[in-house]
Amino acid sequence: MIDWIVNFFSAHPWIILAVVMHLVVLGTVAYLILLERKTASWVQDRIGPNRVGLDFGLPFLKFMRGMNGLGQPLADGIKFIVKEDYRPAGVDRILFTVAPASMIIVMIISIAVLPWAGVKQSVTNVPVVSAAQVDVDQAVSQARGVRYPDDSTDVTLLSVEKAADGSAIAQVQYRYAFQIANLDIGALFIIAVLSLAVYGIVLGGWASNNKYSFLGALRATAQMVSYEIPLGLTLLAVVLMFGTLEFGQIVDKQATYWMGWIPAWNVFCQPVGFILFLICIHAEANRAPFDLAEAEQELVGGYHTEYSAMRFALFFLGEYAGMITTSAVCVALFFGGWHIPWLDKIPAIGGYVDAASSPAVTA
């Protein structure tokens with residue numbers, strides 16, 4: 001059983017990457033909320049959350065009590081889970097639940113095409129049953145069937161050595177990107193998926209049977225339609241310059257240098273596009289000054305006025321997860337993605353940077 005589990009995850013490494021990255025995103029969301037609350041308290045000259053630590057009420061962890069409120073996100077999560085989940089009279093019972101769920105699902109799916117690192121390489125000796133004349137295509141096919149059967153994995157036959165019994169040993173190189181899904185239309189996919197987030201807002205506002213919630217949903221829809229066009233145009237400028245929609249290639253082509261030391265980032269050659277993209281992703285996330293859908297002074301609380309407990313938490317998590325996702329897209333398009341400039345020029349570690357897997361070379 002253990003061998004089967006190990007072989008399964010070895011053959012499908014994207015599953016582990018998907019779980020890890022989703023946990024990272026959700027953990028980042030929790031502490032971004034804490035950071036925003038602390039910043040708001042400093043601006044408003046009050047203390048803010050500073051009591052809940054990471055002791056979980058256990059006496060032997062009392063040294064982790066307090067910790068300037070670092071346990072507040074966990075306490076908030078527990079509160080949302082055990083809090084009474086009421087549903088007002090007159091709401092659409094199904095859509096009232098589907099709306100927050102659809103919003104968080106869209107944010108989870110959208111990170112699938114983002115490249116989080118370079119290309120992983122491994123070389124393995126694979127036994128290949130063959131006749132006297134070893135067929136190269138058959139050796140590669142056999143190797144793919146033995147390990148890493150995922151179609152997105154790049155399998156390269158390095159060498160084949162015949163054994164005395166007529167069989168053969170193939171030395172095979174596996175290369176797979178640190179992406180959950182390496183799509184050829186990655187940039188188009190993520191823009192299309194992120195545009196679906198407004199459906200959760202609209203459904204939530206309409207299903208609440210509250211005029212203020214419905215007005216907030218209409219505002220969010222109008223704002224989304226308004227800023228989708230410039231967002232798509234800024235993305236189109238990058239796509240036309242590089243001639244590809246694949247995020248991995250967009251990042252790799254920025255992993256070079258101008259004049260030997262200036263990172264070849266799009267933010268330098270397309271500063272106007274970057275500024276427009278930054279404005280648009282703020283509008284997409286409904287953050288200030290684009291928080292018209294949640295204007296407390298006008299609409300009480302906007303589209304999620306009638307929500308509580310985990311339904312409200314899903315709206316909250318979806319909004320912050322959208323901020324992280326759009327920020328990651330911005331980094332991939334304009335700041336070279338995972339590539340850290342000048343890392344390959346450090347003598348202590350420069351020799352460990354493989355140009356084939358992380359193309360930090362001089363243009």
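Contact, in this report, means heavy atoms within 4.5 Å. With that in hand, Phe334 makes a good starting point: leaving aside neighbours within four places in sequence, Phe334 is in contact with Val238, Gln254, Trp265, Asn266, Val267, Gln270, Gly273, Phe274 and Phe277.

A word on the basis of what follows. This is a predicted model, in which local features need pLDDT of at least 70 and side-chain atom pairs count only at pLDDT 80 or more, while totals for chains, interfaces and linings use all residues. Residues are numbered from 1 along each chain as its sequence is written, and side-chain values use heavy atoms, with hydrogens and water left out.

**The overall picture**

The protein has 13 helices and five strands; these are DSSP runs numbered from the N terminus, with helices being H or I of at least four residues and strands E of at least two. Of its 363 residues, 42% count as buried. Buried means under 20% relative accessible area, exposed means over 50%, and partly exposed is in between, using a 1.4 Å probe and protein chains only. Among contacts with a separation of 6 or more, 70% join residues 24 or more positions apart.

**The cores**

A nonpolar core is a set of buried Ala, Val, Leu, Ile, Met, Phe, Trp, Tyr and Cys residues joined through side-chain atoms within 4.5 Å. The largest one here holds 43 residues, and those touching the most other members are Val29, Ile190, Phe247, Phe277, Val329, Leu333 and Phe334. Two or more residues come from each of α2 (13-43), α4 (93-110), α6 (186-194), α8, α9 (247-252), α11 (271-284) and α13 (309-334). Helix α13 gives the most to this core, with nine residues. Apart from it lies another core, of twelve residues, including Phe96, Ala99, Ala220 and Ala293. In soluble globular proteins, nonpolar side chains tend to be buried together.

**Two helices side by side**

Helix α7 (residues 197-207) and helix α8 (residues 211-242) have axes that come within 7 Å and cross at roughly 160°. That makes α7 roughly antiparallel to α8, a label for angles over 145 degrees. Axes here are lines fitted to C-alpha atoms, for helices over the stretch in contact, and angles run from 0 to 180 degrees between N-to-C directions. On the α7 side, Val198, Ile201, Val202, Gly205 and Trp206 make the contact, and they meet Ser213, Phe214, Ala217, Ala220, Thr221 and Met224 of α8.

**Four residues to look up**

| Residue | Place | Relative accessibility |
|---|---|---|
| Asp45 | loop between α2 and α3 | 72%, exposed |
| Phe56 | loop between α2 and α3 (72-82) | 54%, exposed |
| Gln223 | helix α8 | 7%, buried |
| Ala309 | helix α13 | 2%, buried |

Asp45 has a phi near 60°, a positive value in a residue other than glycine. Ala309 also has a positive phi, near 55°, and is likewise a residue other than glycine.

What does Phe56 touch, not counting residues up to four places away in sequence? The partners are Leu61 and Leu74. The C-alpha atoms of Phe56 and Ala75 are separated by 9.2 Å, and these two residues are 19 residues apart along the chain.

Gln223, with the same kind of neighbours in sequence not counted, touches Ala283, Asn286, Phe290 and Leu292.

How values were computed:
Angles under 35 degrees count as roughly parallel, over 145 as roughly antiparallel, 65 to 115 as roughly perpendicular and the rest as oblique.
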